[in-house]
Amino acid sequence: QVQLEESGGGLVQAGGSLRLSCAASGRTFSRYAMGWFRQAPGKEREFVAAISWTGGSTNYADSVKGRFTISRDNAKNTVYLQMDSLKPEDTAVYYCAATDRFIRTMEADFHSWGQGTQVTVSS
């Protein structure tokens, strides 16, 4: 299965921006739809955004719609999450994941996961 590694997390002030990257290994990256999830302390992991194999379809959680943008560059085997207008409520560990389906938003549908990157938004 594809191996994933997130990067780009950090500490930012409310209203700021971060761009997360997820680098994938393997020859079949373009055959996987990708997703971003996050987990805050004491909370369950939740869906953030997803993108189809070619990038033609995307899906976002209501809590981030209009602020976050998911994209991918299959030539670089990388998926991105551009996060703008960050809020303290966005503080969490962010994970990228891969599925061999067209596009999915539920944890159980993803078979490969990265180790996560911490995003902290201060007020």
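## Salt bridges in this model

A salt bridge is a side-chain nitrogen of Lys or Arg within 4 Å of a carboxyl oxygen of Asp or Glu. With that in hand, have a look at Asp109 and Arg104, whose side chains meet in a salt bridge at 3.7 Å, N to O. Please keep in mind that this is a predicted model.

Searching the whole structure turns up seven salt bridges. Side chains of opposite charge can pair when their charged atoms come close. The pair of Asp109 and Arg104 is one example, and a few others are worth finding in your viewer.

## Two partly exposed pairs

Let us stay with Asp109 for a moment. Its relative accessibility is 31%, so Asp109 counts as partly exposed. Its partner Arg104, at 32%, is partly exposed too.

Arg101 makes a salt bridge with Asp100, and here the closest N and O atoms lie 3.8 Å apart. Arg101 has a relative accessible area of 48%, which makes this residue partly exposed. Asp100 is also partly exposed, with a value of 42%.

## A buried arginine and its network

Now turn to Arg38, which forms a salt bridge with Glu46. The closest N and O atoms of Arg38 and Glu46 are 2.7 Å apart. Is Arg38 buried or exposed? Arg38 is buried, because its relative accessible area is 5% and the cut-off for buried is under 20%. Glu46, on the other hand, has 35% relative accessibility and counts as partly exposed.

This pair belongs to a wider arrangement: a network of salt bridges links Arg38, Glu46, Arg67 and Asp90. If you are colouring residues by charge, these four make a handy set to select together.

## Strand β8 and its neighbours

Away from the charged pairs, strand β8 is a good place to explore. The strand spans residues 78–83 and is mostly covered, with five of its six residues buried.

Which strands pair with β8? One is β3, residues 18–25, which runs antiparallel to β8 and is joined to it by six bridges. Leu18 stands opposite Met83 of β8, a useful landmark when you trace this pairing. Another is β7, residues 68–73, which also pairs with β8 in the antiparallel sense, again over six bridges. In that pairing, Thr69 stands opposite Gln82 of β8.

β7 and β8 form a hairpin, with four residues between the two strands. Within the turn, look for Asn77, which has a positive phi of about 55 degrees.

Conventions
Residues numbered from 1 in each chain as written. Predicted model: local features only at pLDDT ≥ 70, side-chain atom pairs only at ≥ 80, totals over all residues. Heavy atoms only, no water. Buried < 20%, exposed > 50% of the residue type's maximum accessible area, 1.4 Å probe, protein only. Pairing = 2+ DSSP bridges.
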